[in-house]
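Subject: Structure for you to look at

Dear colleague,

I am passing on the structure we talked about, together with some notes on what turned up in it. Please read the notes with the structure open beside you.

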Amino acid sequence: MTQPQSGDTKDGTELVFALCHELGNLIGAIRLHAHLLDEEMGPKALAVTSVELDDLSARASALLGHVRPLLSSGPRDIDKVAPAAVVANVRQLLEEHGGRGVALSSETEPDIPAIEVDQEVLHQLLVSLLFAALEAASREGSVWLRAESRADGVAFTLEDDGEVDEDPAGWREQMMRGRPLLCAVASNILAKRRGHLEVTRRDGRTRVALVLPTG
């Protein structure tokens with residue numbers, strides 16, 4: 001089932017409160033992992049803990065990037081951006097960060113028109129949703145990132161083949177945490193930019209698309 005293309009988006013302040021709760025959990029996990037660091041740790045245990053600290057810190061940083069656009073009335077710092085550059089930047093970040101065993105594929109449809117958007121805001125949305133997809137894929141699955149031209153604009157789509165307990169397409173009725181919270185955040189921010197969010201679950205894959213107009 002595809003989510004409606006417009007309509008009920010949660011209040012930005014309410015979503016910031018929910019993000020603060022998520023950030024509190026991440027910071028608590030960071031403190032716990034830091035507490036476990038010990039001079040007597042072996043190289044393997046130290047490496048694993050370092051990777052987990054990196055993951056948690058990167059996720060927290062991406063969440064903080066959503067606060068301003070949620071509380072602002074509209075976009076700022078608009079740029080004309082090539083979708084291929086957006087995908088390449090997200091791909092580069094993941095390559096620097098490491099896929100943690102998940103196979104990542106990315107592609108951009110040829111001849112996609114440029115979009116006018118605050119690039120950093122879009123980047124942070126894609127990064128947060130990418131971390132959610134990586135977590136769902138559980139180190140053994142696959143994640144796909146692509147940009148494609150559509151009649152209603154340009155779609156940036158993330159797919160993963162991870163198992164789910166609840167249908168992600170029902171994020172509006174689910175607790176505001178994890179990926180449902182990120183979907184609510186993306187829906188709110190996109191609506192201010194004449195865009196919309198689509199979420200589907202089909203053939204064992206979760207698909208989250210951020211759609212933005214070209215004109």
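Which side chain does E198 meet in a salt bridge with an N to O distance of 2.8 Å? The partner is R150, and before going further I should say that this is a predicted model, which applies to everything below.

**Salt bridges**

The pair just named brings together distant parts of the chain, since E198 belongs to strand 6 whereas R150 belongs to strand 4 (residues 142–150), 48 residues away. E198 has a relative accessibility of 7% and therefore counts as buried, while R150, at 23%, counts as partly exposed. E198 also forms a salt bridge with R207, where the closest N and O atoms are 4.0 Å apart, and R207 is counted as buried because its relative accessibility is 18%, the cut-off for that class being under 20%. Through shared partners, E148, R150, D152, E198 and R207 are joined by salt bridges into one network.

In total the structure holds 9 salt bridges. Another of them pairs D118 with R193, with 2.8 Å between the closest N and O atoms. Here too distant parts of the chain are linked, as D118 sits in the loop between strand 3 (115–117) and helix 5, and R193 in the loop between helix 6 and strand 6, with the two positions 75 residues apart. Both D118 and R193 are buried.

**Helices**

Helix 5 covers residues 119–137, 19 residues in all, and its first and last C-alpha atoms are 27 Å apart, close to the 27 Å expected at 1.5 Å a residue. Of those 19 residues 16 are buried, so helix 5 is largely enclosed by the rest of the structure. Just after helix 5 comes S138, which takes a positive phi of about 55°.

Helix 6 has 14 residues, which should span 20 Å at 1.5 Å a residue, and the 20 Å between its end C-alpha atoms agrees with this. Helix 6 is also mostly covered, with 12 of its 14 residues buried; among them are R179, C183, S187 and N188, as well as L181, L182 and I189.

In helix 2 (residues 43–64) you will find A62, which is buried at a relative accessible area of 2%. Although A62 and E120 are 58 residues apart along the chain, their C-alpha atoms are separated by 10 Å.

**Loops and surface**

Two loop residues may be worth a look for their backbone angles. R194 is not a glycine, yet has a positive phi of about 60°; R194 is placed in the loop between helix 6 and strand 6 (196–202) and is exposed, with a relative accessible area of 60%. D203, likewise a residue other than glycine, has a positive phi near 55°. The position of D203 is in the loop between strand 6 and strand 7 (205–212), and D203 is exposed, its relative accessible area being 75%.

Finally, E163, D165, E166 and D167 form a negative patch on the surface. D167 lies in the loop between strand 5 (153–160) and helix 6 (178–191), and because its relative accessibility is 41%, D167 counts as partly exposed.

With best wishes

Notes. Residues numbered from 1 in each chain as written. Predicted model: local features only at pLDDT ≥ 70, side-chain atom pairs only at ≥ 80, totals over all residues. Heavy atoms only, no water. Patch = residues over 30% accessible without salt bridge, like charges linked within 9 Å, V, L, I, M, F, W, Y side chains within 5 Å. Areas by Shrake-Rupley, 256 points an atom, 1.4 Å probe, with all protein chains shown as cover. Lys, Arg positive; Asp, Glu negative; His and termini not counted. Charge placed at Lys NZ, Arg CZ, Asp CG, Glu CD. Helix = DSSP H or I, 4+ residues; strand = E, 2+ residues; numbered from the N terminus. Buried < 20%, exposed > 50% of the residue type's maximum accessible area, 1.4 Å probe, protein only. Expected span 1.5 Å × (residues − 1).
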